[in-house]
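Thanks for asking me to look this over. Here are my notes, point by point, to read with the model open beside you.

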Protein chains: 4
Amino acid sequence: MIIELKPNVDSNQQQSIIEKITALGYKSMPVATQRSKYLVAIGKKEFDIRTIGHLSGIADIHRVPDEYKLVSKKWKVAPTVIDLGDGVTIGGNGLAIMAGPCSIENEKQIEQTIQHLVANQVPIMRGGVFKPRSSPYAFRGLGIDGLKLWYELARKNGIKIISEVMQVSQIESMLPYVDVFQVGARNTQNFNLLDELGKVDKPVMIKRGISGTIDELLSSAEYVFSAGNEKLILCERGIRTYEKASRNTMDINAIPILKAKSHLPVVADPSHGIGIREYVPQVALAATVAGADGIIYETHQKPEEAFSDGQQTLDFDESSRLIKRLRAAYNLIQD
Amino acid sequence: MIIELKPNVDSNQQQSIIEKITALGYKSMPVATQRSKYLVAIGKKEFDIRTIGHLSGIADIHRVPDEYKLVSKKWKVAPTVIDLGDGVTIGGNGLAIMAGPCSIENEKQIEQTIQHLVANQVPIMRGGVFKPRSSPYAFRGLGIDGLKLWYELARKNGIKIISEVMQVSQIESMLPYVDVFQVGARNTQNFNLLDELGKVDKPVMIKRGISGTIDELLSSAEYVFSAGNEKLILCERGIRTYEKASRNTMDINAIPILKAKSHLPVVADPSHGIGIREYVPQVALAATVAGADGIIYETHQKPEEAFSDGQQTLDFDESSRLIKRLRAAYNLIQD
Amino acid sequence: MIIELKPNVDSNQQQSIIEKITALGYKSMPVATQRSKYLVAIGKKEFDIRTIGHLSGIADIHRVPDEYKLVSKKWKVAPTVIDLGDGVTIGGNGLAIMAGPCSIENEKQIEQTIQHLVANQVPIMRGGVFKPRSSPYAFRGLGIDGLKLWYELARKNGIKIISEVMQVSQIESMLPYVDVFQVGARNTQNFNLLDELGKVDKPVMIKRGISGTIDELLSSAEYVFSAGNEKLILCERGIRTYEKASRNTMDINAIPILKAKSHLPVVADPSHGIGIREYVPQVALAATVAGADGIIYETHQKPEEAFSDGQQTLDFDESSRLIKRLRAAYNLIQD
Amino acid sequence: MIIELKPNVDSNQQQSIIEKITALGYKSMPVATQRSKYLVAIGKKEFDIRTIGHLSGIADIHRVPDEYKLVSKKWKVAPTVIDLGDGVTIGGNGLAIMAGPCSIENEKQIEQTIQHLVANQVPIMRGGVFKPRSSPYAFRGLGIDGLKLWYELARKNGIKIISEVMQVSQIESMLPYVDVFQVGARNTQNFNLLDELGKVDKPVMIKRGISGTIDELLSSAEYVFSAGNEKLILCERGIRTYEKASRNTMDINAIPILKAKSHLPVVADPSHGIGIREYVPQVALAATVAGADGIIYETHQKPEEAFSDGQQTLDFDESSRLIKRLRAAYNLIQD
């Protein structure tokens, strides 16, 4: 159950409400986000909502039978729109396209990528400066200095930045330089990281775990929301299955299911979803017509020379063609 | 290695070729289909193709390193088109739409479905008369009498029939009444059934196994082809994974991968692929823009009263809307 | 619900019972096996069992809420013992060991294997004469002649035979020469084959499907039982997962779970369960202490020359050592 | 390639070695652990080891073709033994048993558990004070105060402590109070946490990821080792599969495979491996005879009242019985 509190609720009123629902057999957890105040009440006993509805300080009450509450569509039907400023949004109307390299490598690469994005009216650039690598001997990214350089070049060109944060200690240093924090598939259930991102006033995109369920992804988003941050984006990026003909199995089903379960925007990552360069466009198109609010994919001026993920990265020609087709596909399903 | 033989090859010539490639360390298997004669040669030794290329009776030679040979795109680049007569085709140009109930139930249901298909210019009707059921106590279908009734009504209206064959003994009795035999997901590796379908001059659509790999599906098609039947269609219908929010996980990746590996047409089954009625259209659209040659889905005049699979079956209104959108999506990607 | 009928029930009595439970909202299916007569009643309505308990012809009534009924432990608590004659049993007391090659290859191989089994007091030999192979170009077994030869040599030495049946048409020809029919992992849901094996008076061992659930295995056994054959054995042989360090993932959990759900004996196949020769003994021991009633594994006089599965086949020395350890492990858990 | 350096190697010598192997086309990474100094060299070029073997400062050179190096058995054949002091060890000879509740709850619970362990000569107690929970509204553990209380009671009774560390910031505060840090299944690829644990002089047990591969587990151990900490233990705790009859699928195969690939001790967690109380003993026994060096499981004075995981927790009577059987099973396979 979600109890929306009035903006001007005072602590005595809040205390009375908590006591009342405790008496009804519910545990409650106060949540204050950038936008609003809530009490999330957990319990199973049936009761007549009117018995608490009259209490001072309550704006509205919603029953949410799901394990996740605040991210559920059962209390908030209108889609959440993430506003990155300068007219750039994710969710609501329009298809948000985000593209860029797996790893940020050097100034020239950043410049060429920005030029490619600007030419195609793509306002958000992806790229990693902290890279989670399964082997300790692999390239681990340029770090915060790479991010600062990227930020400087991106801002000059009106480009927004989405980049992965791997640990709590990186949040503060990254904060001024990113427009969206990305939580990677290996950190979907790094609950401390999620808690800390809940205290930040910047959007967070959470990737589904490597073999995470749809409900686990929603519960991870609930962590961030209940810790105070409503600016959330969900990302389907393929799951681990027995099939080895592709790097992951893109769970196309997850897109309409997530859209039906949650009010949060849903982005698809076809690069990791299939992991094979030549088929990335088909998967990106498929995700778009399945209802995704955005597509994030890897592109590089010379994929065969990329520091990482070259096998699933489009070159700029392929990327330009894909952008046109994505927009056409998105328009098609608006009718 | 595939050695295409000339149509007029005589048995002495064929014997000479076999002896030559046996001497080179290859095992060979003669294959005679409705269209052509081949020798499939299995071996690993490298040799100069010209040393056999001059032999009488050989039309062409193709190296195929895949485990499957005759279904591979490495020797036959042009897409295979399945011709059902009366201008109805699967593969090549155009999107083949096949729709109908999970189970054939009675005359009225057949008539209503046919009327719905005719109204939407859909020339192929699906339906089961032999139903594989995991419990022995569930409805197992109307059997051959249901098929005959269906055939009579379909033929009057110019509708083609695709229906599942579950065992060798059904092939002969079904043969006059189906236009495409369907091999179900539980029979993908029923090798005796595949062998027998190789002797039949009717198209066969093979569904991917419940947790079958892409390569296993191609090897199952190779069984039918090498037993003599080239008229093959592959079908992606979702795979079994840990995710239980949907009935199966539609492997959208499989569509471009199968199209790249094989010359056979690829059909997608969104009804089983996600298993939830309200999301079937999104998955169907996704499969279409991912490159499928056809879509097969379940529709019923009253899904909530269907004998089986009602939870994933569209009603006729939903079906009509979907057909229009599928055609628009297909046209979009032709540009 | 399972209604056990008295052995001398007459058709009028049976009809009265059926009418009574139909009136109560249940569907019923009469089952006559080699041992007994039953009515399996499917329905959900609660009622007082005493309202039918008094009817003539009824021996006993058991509620079974599982989807499978006759194979459930909820009505038959005592373990089923499969008697192969000459004191050879599977289930109940003692560990049934079954060993032999993947494929029956020739007379010498059969003789050497029998000699090895006799020397170790192992009374059941496994071996395939019809081999399901994913590629149509692989060795498909010696067929019925191989089985006859094997039978002759086995009988002389008091050895019982378990061998895979792949299709309905093989049942009759194999019947005189096998002691246990094996249904392979690709045929677990070949329902026609299961139905036909229900009409046979020989034990049947059903392997779990390649990615079959525990409940599906039990439902497959229900097919055979409800078609008339109670002599059933379940076999865990590993499942398909994302992990590729082993051929399959041996589901050790399935052993205690199957033993708790069903009265049927449970056999483990460590050769397919891990697929790597050097680790087969550890997995076999693990399955034994987890509660398996039997172990079936592959052994060959020269595994490196075996026609198939050599990489997971023990030589005779390894096999002899394993047999001793299995018996010690089995004795350990009897205390 | 692992180059073991002499204990007294000086920086000039080390520099010369690095230059030489760089010239050979290898990248190198110096590793200094509590025990030894190494250069890990990554590259693919073949060369004669003798061309560098003579350099001053080199103790030994080992080729390791695996992606992980320092945890591989290919350079260190002797099993690693983790010494917790007071004669308590994990690995080498003997079966290490670790038991205790899922969550540390209160003083009385700790005392009762310790009493149970002492009575059974079990010297290591498990328990969580920081609990990773998929829902933000679930109990998250007593925190560091709970650990201090536990430590005090444990030390009085000669009991060692293993407990989960969830994030970098907890390491320092937990350090004085744990004997083994546990990395949970959701943190197996939390690379920052692994890096930091590499700087600590306390043993670390890494659980396999929820759907982690065997190779990923070894690479995660490589992270800790290459950051300086050799005191590592691997833990198999079941993987996520399509089968839902058990909480996870215990990968019994992983035990012999990990033992063959790595010199590190391998512990099995049957409580999470199957997740059903009544079958935990069978799975524990299975893991023991499959070659595990230790068993970690959940026990509680009243499982039905446990704060978490009660459904998979043994009571003390069941636990006492299991301990006896585990020791008997371990002895059996020593022969």
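1. Let's start with a single pair of residues in chain A: Met205(A) has Ile233(A), in strand 12, as its bridge partner. The pair belongs to a longer match, since strand 11 (residues 204-207) and strand 12 (residues 232-236) of chain A pair in the parallel sense over four bridges. Please keep in mind that this is a predicted model.

2. Where do these strands belong? They are part of a closed barrel of eight strands in chain A, which runs 7-8-9-10-11-12-13-14 with parallel pairing. On average, neighbouring strands of this barrel are turned by 25 degrees against each other, direction ignored.

3. On the barrel, have a look at helix 10 (residues 280-289) of chain A. Helix 10 lies across strand 13 (266-268) and strand 14 (294-298) of chain A, and its direction is at about 165 degrees to strand 14 of chain A.

4. Chain A has a second sheet worth your time. This one is open, with four strands in the order 2-3-1-4 and antiparallel pairing. Strand 2 (27-32) and strand 4 (58-62) of chain A are at the edges with a single partner strand each, so one side of each has no neighbour in the sheet. From one strand to the next, the twist averages 20 degrees.

5. Within that open sheet, strand 2 of chain A pairs with strand 3 (residues 37-42) of chain A in the antiparallel sense, over six bridges. To find the match on screen, look for Pro30(A), which stands opposite Leu39(A) in strand 3 of chain A. Helix 1 (residues 11-23) of chain A packs on this sheet and touches strand 1 (2-5), strand 2, strand 3 and strand 4 of chain A. The direction of helix 1 makes about 150 degrees with that of strand 2 of chain A.

6. Stepping back to the whole of chain A, the secondary structure comes to eleven helices and 14 strands. Its radius of gyration is 21 Å, close to the 20 Å that the globule rule gives for 335 residues, so chain A is as compact as a globular protein of that length. The C-alpha atoms fill a box of roughly 65 × 40 × 40 Å along the principal axes. Buried residues make up 56% of the 335 residues in chain A. Among chain A contacts between residues at least 6 apart in sequence, 67% join residues at least 24 apart.

7. Now for chain D: which residues of helix 11 are buried? They are Phe316(D), Ser319(D), Leu322(D), Ile323(D), Leu326(D), Ala329(D) and Tyr330(D). Seen down the axis of helix 11 of chain D, these fall within an arc of 135 degrees, so they line one face of the helix. On the other side, Asp317(D), Arg321(D), Lys324(D) and Asn331(D) are exposed.

8. What does that buried face of helix 11 of chain D pack against? Its partners include helix 10 (280-289) and helix 11 (316-332) of chain C, as well as helix 3 (107-119) and strand 14 (294-298) of chain D.

9. Last, the contact between chains B and C, which takes 27 residues from chain B and 27 residues from chain C. On the chain B side, strand 3 (37-42), helix 5 (168-174), helix 6 (191-197) and helix 7 (214-226) each supply at least two residues. Helix 7 of chain B gives the most to that side, with five residues.

How values were computed: Residues are numbered from 1 along each chain as its sequence is written. Chains are lettered from A and ligands numbered from 1 in the order in which they are written. This is a predicted model: local features need pLDDT of at least 70, side-chain atom pairs count only at pLDDT 80 or more; totals for chains, interfaces and linings use all residues. Two strands pair if DSSP finds at least two bridges between them. Axes are lines fitted to C-alpha atoms, for helices over the stretch in contact, and angles run from 0 to 180 degrees between N-to-C directions. Two residues are in contact if their C-beta atoms, placed from the backbone, lie within 7 Å. The radius of gyration is taken over C-alpha atoms; the globule rule is 2.2 Å times the number of residues to the power 0.38. A residue is buried if 20 or more other C-beta atoms lie within 10 Å of its own, exposed if 12 or fewer, and partly exposed in between; C-beta atoms are placed from the backbone. The arc is that of the directions from the helix axis to the C-beta atoms.
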